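Student: Please take me through one part of this protein slowly. I would like a close look at the nonpolar core, and at how the rest of the chain is arranged around that topic.

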Amino acid sequence: MSLIFEKQIQVTEQHIDGNNHVNNVQYVHWVEEIAGEHWDFVKHKTEFSEFVWMLLDHHIQYKKQVYLNDIITIKTYPKAPEGIRQPRKVEFYCNNQLVVDSSTLWVLVDVETQRIKRLESDWLDKL
């Protein structure tokens, strides 16, 4: 599994708020979206392909503003598990500068039983 997943987005009118820059809520949406896309990209390589991730905790730091027509590169990667929690970083870059930095904590849930799955500390190394 590639631990780093990335994509680019061009900022459009729908991403802009009344202050003429990307709305802070939009970044939260993108954090969840790219985490889901990353999982969809790699889950078939795991024994957990029918499981889903649920967001527990989210921290975000806004460093610089981004404007209409700017191109944002979003990078995400999981970090080492912490018990039942799986940390994930999401970084937003514009013109090669970090503009938003996010750290989240997720749990893996068995859809059938609705139970949280405790992952082995080295589960990322096995992919």
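Tutor: The protein has one helix and six strands. This is a predicted model. From the N terminus on, the order is β-α-β-β-β-β-β. The C-alpha atoms fill a box of roughly 45 × 25 × 20 Å, taken along the principal axes. Of the 127 residues in the protein, 39% are buried.

Now the core. The largest nonpolar core has 17 residues. Which of them touch the most other members? They are Tyr-27, Trp-30, Val-66, Ile-72, Ile-74 and Phe-92. In soluble globular proteins, nonpolar side chains tend to be buried together.

Where do the core residues come from? Five elements give two or more residues each. They are strand E1 (5–10), helix H1 (24–42), strand E3 (71–78), strand E4 (86–94) and strand E5 (97–110). H1 gives the most, with four residues.

Take Ile-72 as a close-up. Set aside its neighbours within four places in sequence. Ile-72 is then in contact with Lys-7, Gln-8, Ile-9 and Val-11, among others. Its further contacts are Tyr-27, Trp-30, Val-66, Phe-92 and Tyr-93. Tyr-27, Trp-30, Val-66 and Phe-92 were named above, with Ile-72, as residues that touch the most other core members.

There is also a second, separate core. This one has 11 residues, including Trp-39, Phe-48, Trp-53 and Trp-106.

Contacts across the chain can be counted too. Take the contacts in the protein with a separation of 6 or more. Residues 24 or more positions apart account for 65% of them.

Next, the loops. Asn-95 is found in the loop between E4 and E5. Its phi is near 55°, a positive value in a residue other than glycine. Most residues other than glycine have a negative phi. Is Asn-95 buried or exposed? Asn-95 has a relative accessible area of 65%, so it counts as exposed, the cut-off being over 50%.

Gln-114 also has a positive phi, near 65°, and is not a glycine either. Gln-114 sits in the loop between E5 and strand E6 (116–117). At 56% relative accessibility, Gln-114 is exposed.

Gly-83 lies in the loop between E3 and E4. Its relative accessible area is 37%, so Gly-83 is partly exposed: neither under 20% nor over 50%. Leaving aside neighbours within four places in sequence, Gly-83 is in contact with Arg-118 and Leu-119. Gly-83 and Val-107 are 24 residues apart along the chain, and their C-alpha atoms are separated by 9.6 Å.

Now step out to the surface. The accessible surface of the protein comes to about 7,600 Å². Carbon and sulfur atoms hold 45% of that area. As for charge, there are 14 positive and 19 negative side chains. The centres of the two sets lie 5 Å apart.

Last, the record. UniProt lists residues 4–125 as "domain: Acyl-ACP thioesterase N-terminal hotdog", in an unreviewed entry. In the model, that span is 16% helix and 42% strand. Its end C-alpha atoms lie 13 Å apart.

Terms used: Residues numbered from 1 in each chain as written. Predicted model: local features only at pLDDT ≥ 70, side-chain atom pairs only at ≥ 80, totals over all residues. Heavy atoms only, no water. Core = buried A, V, L, I, M, F, W, Y, C linked by side-chain atoms within 4.5 Å. Buried < 20%, exposed > 50% of the residue type's maximum accessible area, 1.4 Å probe, protein only. Contact = heavy atoms within 4.5 Å. UniProt positions renumbered as here; feature names shortened; annotations may be inferred. Areas by Shrake-Rupley, 256 points an atom, 1.4 Å probe, with all protein chains shown as cover. Lys, Arg positive; Asp, Glu negative; His and termini not counted. Charge placed at Lys NZ, Arg CZ, Asp CG, Glu CD.
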